[in-house]
Amino acid sequence: MAAVAEGLETESAAVEDAARDAADAVDAGLGVPPLLAGNRLSLDLYPRGCHRLLHLCAQQVPQLLEVEFLQLSSHEDPWLLEATLARLPWSLPRLRSLVLKGGQRRNALGACLQGSLTTLPASLSGLTHLAHLDLSFNSLETLPACVPQMCGLSALLLSHNCLSELPEALGALPALTFLAITHNRLETLPTALWSLSTLQRLDLSENLLDTLPPEIGGLSSLAELNLASNQLQSLPTSLAGLRSLRLLVLHSNLLASVPASLARLPLLTRLDLRDNQLRDVPPELLDAPFVRLQGNPLGRAPPAPHSPPGTPVVPEMPRLLLTSDVDSFPVTPQGCSVTLACGVRLQFPAGATATPVTIRYRLWLPEPRLVPLGPHDSLLSGVLELQPHGVAFLQEVGLWLLFVPPRARRCREVVVRTLSDNSWSDLETHLEEEAPKRLWARCQVPHFSWFLVVSRPVSNTCLVPPEGTLLCSSGHPGVKVTFPPGATEEPRHVHMQVVHVGSRGLPALLEEPEAAASPLLCLTQSGPPSFLQPVTVQLPLPPGITGLSLDRSRLHLLYRAPPAAAWDDITAQVALELTHLYARFQVTRFSWSVLPLASSVPPHPPVCTACLTPQLPRYWLWYTTATCVGGLARKAWERLRLHRVNLIALQRRRDPEQVLLQCLPRNKVDATLRRLLERYRGPEPSDTVDMFEGEKFFAAFEGGIDVDAGRPDCVEGRLRFVFYSHLRNVKEVYVTTALDRKAQAVRGQVSFYRGEVPEEVPEEAEAARQKKGMDTLWMATLPIKLPRLRGSEGPGHGASLSLAPLNLGDAETGFLTQSNLLTVAGRLGPDWPAVALHLGMPYRELQRIRHEFRDDLDGQIRHMLFSWAERQAGRPGAVGLLVQALEQSDRQDVAEEVQAILELGRRKYQEGIQRTSLAPGDLGPPGPSALQSPEPAQA
């Protein structure tokens with residue numbers, strides 16, 4: 001007892017010291033914003049939330065006694081976090097919900113970082129009213145002992161931790177209705193778990209479970225059970241006893257059979273069995289509308305017989321979860337499952353490689369020369385490069401890519417595109433939905449190269465034998481191509497794409513109310529260019545037109561064969577046969593062969609010199625009174641490929657030198673501005689302009705305002721953008737001016753100019769856009785104002801401060817010069833104490849700096865940063881420590897700028913080595929693709 005009392009006294013003293021330090025820090029200038037909102041206290045998005053909470057406790061704020069909901073980030077010092085939590089039972093006695101999770105911070109690739117929480121203080125069991133506990137995205141390896149003692153818990157979330165087992169004491173939570181333990185390392189489950197008769201939702205996905213005990217049938221109240229992405233090989237028949245079950249998710253396991261009794265669960269509305277090893281399914285489940293079976297080898301022959309007794313057991317496939325600082329991983333013949341920091345997943349089956357191999361990956365920002373898009377394609381993801389290129393695997397490797405859900409899905413499909421056999425091709429792709437707006441594109445790859453996700457018009461393919469066949473469009477059932485017997489001597493492949501044409505904008509575009517057009521048909525085929533017998537093509541009549549009432553003089557069949565830009569009216573050259581709904585005609589030639597895009601796999605990112613989709617002949621049926629239909633069709637076809645967008649330029653309210661530039665589809669402008677205007681201010685968006693998918697444009701600051709600091713995407717003072725309709729076309733930069741801001745504010749502007757358009761856009765397409773002013777490349781100009789400096793805010797203030805010349809880093813990893821550090825110092829503002837603490841600076845030194853420069857904020861920041869830099873001079877890893885401290889202080893914007901400066905310095909260093917012939921012999925002089933290759937996404 002004496003030892004226990006001594007421990008409690010020590011803990012109490014530590015808490016009091018922490019509270020006293022927090023109060024001193026707050027009094028010294030940290031400040032406490034009005035965080036309390038009724039019975040809620042949200043500190044998870046504020047830096048140093050523990051200090052703020054300890055300060056509130058030390059001040060004995062009476063509102064704390066009413067708090068029922070607390071959110072706190074676990075990205076804090078572990079000792080301080082534990083000391084803060086120990087105060088909760090006394091300071092927040094009515095607490096009902098405690099959210100103590102990581103994930104608020106992200107690495108350079110956008111992946112959530114786990115918090116530092118590894119345990120909980122025993123005193124938390126005194127929270128008698130606690131009903132909701134969220135410990136997700138932390139570093140828990142065992143369940144804290146106080147959790148099973150919280151008898152009032154109804155919801156417990158432990159996802160994204162490092163748990164390998166659960167205690168039997170978990171069964172002592174009689175009120176638990178929701179338990180989520182996803183993305184952990186669980187191999188077995190405690191038997192006491194199955195005695196939780198009140199449990200309604202159980203999520204155990206993304207673990208290592210290989211069996212389920214029969215006792216699972218004891219969960220009489222269970223309505224939702226998620227066991228996806230485990231290693232289950234069979235299911236107990238007791239699952240049929242879960243009479244309340246509505247949702248059962250079992251996809252991505254190793255199931256070879258399922259009990260037929262699952263079909264008799266009375267309330268079951270969804271049974272997800274995708275991506276298992278099911279070769280045969282009970283008829284009751286095979287015909288049930290609520291069962292999903294995609295990705296199973298149904299009907300296929302069973303594998304080879306098992307090895308005879310005595311054969312060594314194959315070890316379990318390892319799982320790897322890479323962090324953002326790791327860009328390679330080993331793969332052995334045993335196989336493995338890998339999740340990259342960017343969210344990409346790979347599955348290497350056992351035997352995929354005969355010898356160990358090291359796999360490297362890299363993310364690239366999308367560029368027109370790197371992204372192969374057809375005339376009607378849309379990019380949905382960044383570009384993933386997997387190395388070594390061309391290494392063939394003995395078994396296909398599974399690849400899962402995250403992508404942005406496409407806005408238009410009618411008659412379109414999502415595919416993974418890759419460079420294979422010296423040309424771009426589309427892989428057979430399956431879609432998986434993890435959450436409402438979180439979609440995966442899954443495919444099997446035989447070797448590694450570049451990969452990206454695109455949305456394209458639905459493509460249908462058939463093999464035409466000499467006996468003839470019928471090719472139908474799966475997106476437009478009325479579009480058919482009939483190949484009669486004898487049309488070809490040798491079998492040939494024919495590809496069809498049908499592009500949906502919106503009927504709303506066409507009459508206004510043509511200034512004719514009754515104008516209409518059919519879907520656009522694109523055809524290509526392999527083999528000889530002509531057919532031996534006429535091929536019959538069927539197109540639906542334009543909307544609102546029937547074969548019984550139409551005026552044949554207004555019906556026009558148009559044809560376009562690239563590279564010609566004109567649409568030819570071939571109505572008089574074919575015999576149009578009309579039915580009530582369709583038009584049929586015959587042709588003998590529509591072949592254009594598919595050409596490879598490159599002669600060999602390049603050492604740098606592939607340069608797309610041609611479009612993936614070949615120059616397809618196109619057929620289009622029009623109904624109009626116009627006589628010159630070809631010109632109208634060209635105008636409408638260009639309009640199909642244009643996107644209506646607006647440009648915005650906003651300045652951060654607390655730091656006007658920070659400017660956000662973005663290009664948005666017109667329908668997203670209002671929602672985006674509502675979200676941004678809490679932190680930014682600026683002019684109204686630009687007028688609507690038209691842009692092509694993959695088109696380049698530039699932003700130039702004018703009127704005395706310039707981009708502050710060198711950036712890899714800044715060319716001759718212009719920021720380079722590439723427009724992709726489904727991706728975020730946004731950049732956040734810092735600006736500066738050489739004009740005197742002490743006398744008056746500087747009023748400048750940012751102008752947007754067109755750059756290069758995709759190669760597949762015809763030259764005359766420029767005329768389809770609205771010209772503005774005297775410069776056809778100019779799109780918009782928006783004002784930028786840098787306010788007048790007051791007091792000591794000027795950049796010239798403190799010029800007398802002596803700063804010793806220094807360089808952080810080295811030539812290969814990149815330097816930060818004195819000028820760069822001054823730029824960083826000018827960005828930090830009131831956030832500098834948080835950065836200093838994450839850099840390892842003690843409190844006493846912070847207080848001394850505040851005292852010496854108590855009337856000069858810029859002096860405080862510069863003194864802190866340069867005194868730290870002088871101590872770090874010559875030490876490896878100093879620049880990385882600074883970037884990490886900025887990210888931990890929620891200043892991702894400054895961290896990204898520092899990384900961009902380092903990347904630019906590294907690139908210039910390598911180019912300097914190559915120019916002076918100091919580079920290794922295998923590097924050689926950089927070719928055009930090397931000099932113009934896009935920067936990696938990590939930069």
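In the predicted model, the side chain of asparagine 296 reaches the backbone oxygen of leucine 293 at a distance of 3.0 Å. Asparagine 296 belongs to the loop that lies between strand E12 (291-292) and strand E13 (319-321). Its relative accessibility is 10%, and the residue therefore counts as buried, the limit being under 20%. When neighbours within four places in sequence are left aside, the contacts of asparagine 296 are Leu273, Arg274, Asp275, Asn276, Gln277 and Leu278.

Two open sheets were examined in turn. One consists of 5 strands in the order E27-E28-E32-E36-E35, with antiparallel pairing. Strand E27 (469-472) and strand E35 occupy the edges; each has a single partner strand, so one side of each is left without a neighbour in the sheet. At the E27 edge, 4 bridges connect this strand with strand E28 (residues 480-483) in the antiparallel sense, and leucine 471 is placed opposite valine 481 of E28. Further across the sheet, strand E32 (residues 530-540) pairs with strand E36 (residues 582-589) through 7 bridges, again antiparallel. Within this pairing, serine 530 faces arginine 589 of E36. At the other edge, strand E35 (residues 577-578) is joined to E36 by 2 bridges, and the two strands run antiparallel. Leucine 578 stands across from alanine 583 of E36. With 3 residues between them, E35 and E36 form a hairpin.

The other sheet is likewise open and is built from 5 strands, in the order E44-E45-E42-E47-E48, with antiparallel pairing. Its edges are formed by strand E44 (714-715) and strand E48 (778-786); since each has a single partner strand, one side of each is left without a neighbour in the sheet. Strand E42 (residues 695-702) and strand E45 (residues 718-723) are paired over 6 bridges in the antiparallel sense. Glutamate 695 has phenylalanine 723 of E45 as its bridge partner. In a regular strand, side chains alternate between the two faces of the sheet.

Aromatic pairs number 9 in the structure. Among them is the pair of tryptophan 620 and tryptophan 622, which is edge-to-face, with 5.3 Å from centre to centre and 80 degrees between the planes. Tryptophan 620 has a relative accessibility of 0% and thus counts as buried; tryptophan 622, at 0% relative accessibility, also counts as buried. Another aromatic pair, phenylalanine 697 with phenylalanine 721, is stacked, with a centre-to-centre distance of 4.9 Å and 15 degrees between the planes. This pair links distant parts of the chain, as phenylalanine 697 is in strand E42 and phenylalanine 721 is in strand E45, 24 residues apart. E42 and E45 are also the strands paired over 6 bridges. Phenylalanine 697 counts as buried at 1% relative accessibility, and phenylalanine 721 counts as buried at 4%. Elsewhere, ring pairs link Phe329, Phe348, Phe393 and Phe448 into a cluster.

Aromatic rings also take part in arrangements with arginine. Arginine 40 lies over the face of phenylalanine 69, at 4.2 Å from the ring centre. Over the face of tryptophan 440 lies arginine 345, at 4.2 Å from the ring centre.

A search of the whole structure for disulfides finds 0. Two cysteines may be noted in this context. Cysteine 336 has a relative accessible area of 3% and is buried, while cysteine 522 counts as buried at 1% relative accessibility.

Helix H9 spans residues 818-828, and its buried residues are Asn820, Leu821, Thr823, Val824, Ala825, Arg827 and Leu828. An α-helix has 3.6 residues a turn, so residues three or four places apart point the same way. Just after H9 comes glycine 829, which adopts a positive phi of about 60 degrees.

How values were computed:
Residues are numbered from 1 along each chain as its sequence is written. This is a predicted model: local features need pLDDT of at least 70, side-chain atom pairs count only at pLDDT 80 or more; totals for chains, interfaces and linings use all residues. Side-chain values use heavy atoms; hydrogens and water are left out. Two strands pair if DSSP finds at least two bridges between them. Buried means under 20% relative accessible area, exposed over 50%, partly exposed in between (1.4 Å probe, protein chains only). Rings of Phe, Tyr and Trp (its six-membered ring) pair if their centres lie within 6.5 Å; planes under 30 degrees apart count as stacked, over 60 as edge-to-face and the rest as tilted. A charge sits over a ring if NZ of Lys or CZ of Arg is within 6 Å of the ring centre and within 35 degrees of the ring normal. A disulfide is a pair of cysteine sulfur atoms within 2.5 Å. A polar contact is a pair of N or O atoms within 3.5 Å; within protein, one must be able to donate a hydrogen and the other to accept it, and residues adjacent in sequence count only if both atoms are side-chain atoms. Contact means heavy atoms within 4.5 Å.
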